[in-house]
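Q: I would like to learn how to read a structural model feature by feature, with the general idea first and the case at hand afterwards. Could we work through one together?

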Amino acid sequence: MEQLNASVVPSNISSSPGHPSPASWVSIGLIPAMVLFLCFLLGVPGNIAVIIIRPNWQHLSTLSQSLMLNLAISDLLCLLTIPMMIYILLYSWTLGLVTCKLINYLTCCSIYSSLLTVTALSVQRYLLVVHLQRCFNQVGRRRLLVLLWLVAMILSIPTLVVQQLTTDQDWTTCQAHFSSPAQQMAVLLAQSLPGFVLFIVVVFAYSGLHRKVNQAAFFNNPQTTRLVTRIIVIFFVLWLPYHIVNVLDVAAISLKNDGLLKFCMNIRNIVGTLVFVNSCLNPLLYAFASRNMCTVCQKREHTVNAEAQLQEV
């Protein structure tokens, strides 16, 4: 995930031939900075509204409410770091190494927590709708949330190691710095593999839920079908490019392909920005459309109860 922070930061600036000057990096970072600013304007109020209003949550299970609240908090923390990310994109870093590491560590933790919460929420909905399993009591819910944040904090630890300050011609950047290509490959693989696994889990869970919803005519709910499709498509569109660039980066390092390395370096600003767009859209996808899922759960329970009564007769 430290490469995610590097993806919204001018990376690998140096005086060696073939690398752009700081001025050109400002122009390259301008569009991502504008997108990040829009994410901040839309996402921060949206997640605050979710935390305060909690729309349509009275019909949801306690675990669903806890997970969506945790998702809103994670996304809010992520979006609150955007002003610092814009500063990193457009200006020379003047806040010191400790602040550099802490800002990037907080960003990593919040993004990982959001990603893990989305995965847990998809699995919980799958179990609830498809298998009618209600998970965890109050103590279990607290342990699950603590576990999510603990895993997020552990996965973010490499940021504290590799994030460094780099100076070139009075232009200082806060970015990931690797001691060797092997270390860079290890970090890229360590963050890409969990991402792909979580993505597969989310797609599997919502695909199973989609099949169950459309299994019977009275289950067919166009709004729910659209919601599930949007969740999968948006999650796919906003996260997959970032992981693909990581894989390409690993391939470029292995093959020592300078052209591919330069391409990955130039495109990281864009794919990194998409991750923040995801945090901006999550309130619309999960919180304000949650009642559709609750309706499906209720229909599923009524159907199972009716079938059980018929069997008894």
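Q: Where is the place of Val 247?
A: Please keep in mind throughout that this is a predicted model. Val 247 has its place in helix 9, and, at 41% relative accessibility, Val 247 counts as partly exposed because it falls between the 20% and 50% cut-offs. Val 247 and Leu 193 are 54 residues apart in sequence, and their C-alpha atoms are 9.8 Å apart in space.

Q: Which elements of the protein follow one another from the N terminus on?
A: The protein has 11 helices and two strands. Read from the N terminus on, the elements run α-α-α-α-α-α-α-β-β-α-α-α-α. Buried residues make up 51% of the 313 residues in the protein, and among contacts between residues at least 6 apart in sequence, 82% join residues at least 24 apart.

Q: In which helix is His 243 found, and is it buried or exposed?
A: His 243 is found in helix 9, and with a relative accessibility of 5% His 243 counts as buried, because the cut-off for that class is under 20%. Leaving out residues up to four places away in sequence, His 243 touches Gln 191, Ser 192, Gly 195 and Phe 196. His 243 and Val 271 are 28 residues apart in sequence, yet 8.9 Å apart in space when taken from C-alpha to C-alpha.

Q: How should I think about residues spaced along a helix?
A: An α-helix has 3.6 residues a turn, so residues three or four places apart point the same way. In the present model, His 243 is in helix 9, and Val 247 has its place in helix 9 too. His 243 counts as buried at 5% relative accessibility, whereas Val 247 counts as partly exposed at 41%.

Q: Where is Lys 256 found, and what is its phi?
A: Lys 256 is found in the loop between helix 9 and helix 10. The phi of Lys 256 is near 55°, which is a positive value in a residue other than glycine, and at 72% relative accessibility Lys 256 counts as exposed.

Q: How many residues does helix 3 have, and how many of them are buried?
A: Helix 3 has 19 residues and reaches 27 Å from its first C-alpha to its last, close to the 27 Å expected at 1.5 Å a residue. Of these 19 residues, 14 are buried, so helix 3 is largely enclosed by the rest of the structure. Ser 66 has its place in helix 3 and counts as buried at 18% relative accessibility; apart from residues up to four places away in sequence, Ser 66 touches Arg 141 and Leu 145.

Q: What does Ser 110 touch?
A: Ser 110 lies in helix 5 and is buried, with a relative accessible area of 1%. Not counting residues up to four places away in sequence, Ser 110 touches Ser 74, Leu 77, Cys 78 and Trp 149.

Q: Which residues have the most contacts inside the largest nonpolar core?
A: The largest nonpolar core has 56 residues, and those with the most contacts inside it are Leu 36, Trp 57, Leu 67, Ile 82, Phe 235, Trp 239 and Tyr 286. At least two residues of this core come from each of helix 2, helix 3, helix 4, helix 5, helix 6, helix 8, helix 9 and helix 10.

Q: How does one look for empty space, and how many cavities does a search of the whole structure find?
A: Rolling a probe the size of a water molecule over the atoms shows where empty space is left. Here a search of the whole structure finds two cavities of 30 Å³ or more. About 50 Å³ of space lies in the largest cavity, whose lining includes Asn 47, Met 68, Asp 75 and Tyr 286. Helix 2, helix 3 and helix 10 each supply at least two residues of that lining, which by class has seven nonpolar, two polar and one charged residues.

Q: Which residues line the second largest cavity?
A: The second largest cavity, with a volume of about 40 Å³, is lined by Ile 111, Ser 114, Leu 115, Trp 239, Val 275, Asn 278 and Ser 279. Helix 5 and helix 10 are the elements that give two or more residues to this lining. By class, the lining of the second largest cavity has four nonpolar, three polar and no charged residues.

Note on methods
Residues are numbered from 1 along each chain as its sequence is written. This is a predicted model: local features need pLDDT of at least 70, side-chain atom pairs count only at pLDDT 80 or more; totals for chains, interfaces and linings use all residues. Side-chain values use heavy atoms; hydrogens and water are left out. On a 1 Å grid over the protein atoms alone, a cavity is a set of points where a 1.4 Å probe fits but cannot get out, and a pocket is an open set with protein on both sides within 12 Å along at least five of seven lines; lining residues have an atom within 4 Å of a point. Grid points are joined across faces, edges and corners, and a volume is the space filled by probe spheres set on the points. Helices (H or I, at least four residues) and strands (E, at least two) are DSSP runs, numbered from the N terminus. Ala, Val, Leu, Ile, Met, Phe, Trp, Tyr, Cys and Pro count as nonpolar, Asp, Glu, Lys and Arg as charged, and the others, Gly among them, as polar. The expected span of a helix is 1.5 Å times one less than its number of residues. Buried means under 20% relative accessible area, exposed over 50%, partly exposed in between (1.4 Å probe, protein chains only). A nonpolar core is a set of buried Ala, Val, Leu, Ile, Met, Phe, Trp, Tyr and Cys residues joined through side-chain atoms within 4.5 Å. Contact means heavy atoms within 4.5 Å.
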